[in-house]
Amino acid sequence: MNDAATPLPEPLATLLSPEGRALLDELRDHDPAEELALATRLRRDHPAERVSAALGQARLRQRAVAKFGAADAYRMFFTPNGVEQATRAPVAAHRAARLAALGVRSVADLCSGIGGDAIALARAGIRVLAVDRDPLTAATVRANAGALGLGELIEVRCADVTEIDTSAYDAVFTDPARRGGRGRIFDPEAYSPPLSWAIEAARGRPVAALKIAPGIPHELIPEDFAAEWISYEGEVKEAVLWRGTEDPAPGRVAATLLSGTGPSTAYTLVGRGLPDPPVRPVGRYLYEPDGAVIRAHLVAEVAAGLAGGGLIDPTIAYVTADELRPLPSATAYEITDVLPFGLKKLKALLRERGVGSLTVKKRGSAVEPEEVRRKVKPQGPNAATVFLTRVDGAPSMLIGRPARAGAGG
């Protein structure tokens with residue numbers, strides 16, 4: 001049942017009062033560096049507990065803007081773990097839109113956290129049961145549903161997800177906790193609940209989505225699930241195991257690249273089971289696949305989109321070609337120099353070309369970018385990008401710049 005009658009945990013209760021909400025509005029643009037003086041002033045008119053709770057919540061809201069946008073973040077309520085672990089709003093919206101397109105009208109959101117995914121699902125017109133076993137977190141979901149006008153679509157239950165009957169719902173979405181007292185958890189069976197339980201729960205409904213860490217080994221993905229790796233603005237955010245979908249079909253993998261906030265800014269590359277690309281000499285252009293593409297093991301699909309595309313090394317996910325072709329799945333660079341690794345050589349070349357703005361990228365190299373910048377001391381009006389990597393097994397430096405449309409030959 002919806003446990004809306006359960007007493008609100010402190011300090012959330014004091015923030016949901018009219019006085020608490022007004023205080024939060026007052027603190028919207030406060031400077032955390034001035035909190036001591038601010039707290040002293042506010043305690044003249046407010047109880048100390050309310051001031052402390054409001055300042056903490058105001059800090060969390062400021063952090064949450066990056067994930068939820070200012071319009072939502074400054075109306076929502078957060079816990080420290082909730083801000084850290086919540087799904088970024090465009091990623092949640094992408095998943096919700098996909099579930100809606102599959103005809104899903106109700107979802108059991110297991111391990112809901114502070115409600116990021118439940119909010120996106122409700123905004124897609126889907127009825128949601130949001131379940132979390134922590135009373136404060138469950139109360140926070142309810143507060144967020146009310147604050148955003150979604151209370152009619154989101155039912156909240158404080159319970160152990162393993163005890164929930166999901167038979168009344170079209171789909172389940174599960175986001176097991178992947179952090180413990182010692183930080184990030186890498187063993188899927190140490191998730192809470194374990195990955196094996198979440199997989200079986202997913203198999204119990206016609207459609208299911210299971211959020212997992214993007215570093216999961218491919219061999220752990222069940223054959224009756226599809227896998228999708230998702231990046232946002234070039235940064236890998238998560239992987240999702242899908243069941244009950246045809247695109248991609250069970251056993252297939254995909255990489256989705258998101259940017260901005262609208263569904264039109266999503267690009268999905270679906271695996272075709274291609275063999276590894278050939279290794280070839282470095283051509284005029286180097287293509288750096290998006291991190292989601294690399295995690296999904298779809299570098300071969302990138303190379304296949306280029307005439308003569310191949311790898312610079314059998315173990316390195318850089319693709320090279322002699323043609324410049326726009327690819328949504330990779331960023332292209334024009335390469336001017338391929339040199340054996342050596343910071344003295346690099347320093348001399350950069351000084352000769354007046355390079356003061358240096359971007360350092362590495363793959364397959366133990367050298368850190370900060371060390372390179374410190375030792376080469378770039379100076380001058382020009383810019384360059386250096387790739388520290390391996391070329392056919394040899395430590396190498398590739399020097400170039402972002403490729404411009406129309407620069408291909």
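**Overall build and the seven-stranded sheet of the chain**

The chain contains 14 helices and 18 strands, where helices (H or I, at least four residues) and strands (E, at least two) are DSSP runs numbered from the N terminus. The model is predicted: local features need pLDDT of at least 70 and side-chain atom pairs count only at pLDDT 80 or more, while totals for chains, interfaces and linings use all residues. Residues are numbered from 1 along each chain as its sequence is written, and side-chain values use heavy atoms, with hydrogens and water left out.

The C-alpha trace spans about 70 × 55 × 40 Å along its principal axes. Of the 409 residues, 50% count as buried; buried means under 20% relative accessible area, exposed over 50%, and partly exposed in between (1.4 Å probe, protein chains only). The accessible surface of the chain comes to about 19000 Å², and carbon and sulfur atoms hold 52% of this surface. Such areas come from the Shrake-Rupley method with a 1.4 Å probe, and for residues only the protein chains shown count as cover. Among contacts (heavy atoms within 4.5 Å) with a separation of 6 or more, 67% join residues 24 or more positions apart.

Seven strands form an open sheet with mixed pairing, in the order 13-14-12-15-18-17-16. Strand 13 (310-311) and strand 16 stand at the edges with a single partner strand each, so one side of each has no neighbour in the sheet. Two strands are said to pair if DSSP finds at least two bridges between them.

At one edge, strand 16 (residues 355-362) pairs with strand 17 (residues 382-391) in the parallel sense over seven bridges. The connection from strand 16 to strand 17 passes through helix 14 (residues 369-376), and this β-α-β crossover is left-handed. A crossover is called right-handed if, with the strands pointing away from the viewer, the path from the first strand over the helix to the second runs clockwise. Within this pair, Leu 358 stands opposite Ala 384, and Thr 359 stands opposite Thr 385.

Strand 17 also pairs with strand 18 (residues 394-402), in the antiparallel sense and again over seven bridges. Here Val 386 faces Ile 399 as its opposite residue. The hairpin of strand 17 and strand 18 has two residues between the strands, and Asp 392 takes a positive phi near 50 degrees in this hairpin. Strand 17 is mostly covered, with seven of its ten residues buried.

At the other edge, strand 13 and strand 14 (residues 319-321) run antiparallel and are joined by two bridges. Gly 310 has Thr 320 of strand 14 as its bridge partner. The loop between strand 13 and strand 14 holds Ala 317, which counts as buried because its relative accessibility is 13%. Leaving aside residues up to four places away in sequence, Ala 317 touches Tyr 287, Pro 289, Ile 294, Val 299 and Arg 363. Ala 317 and Pro 402 lie 85 residues apart in sequence, and their C-alpha atoms are 17 Å apart in space.
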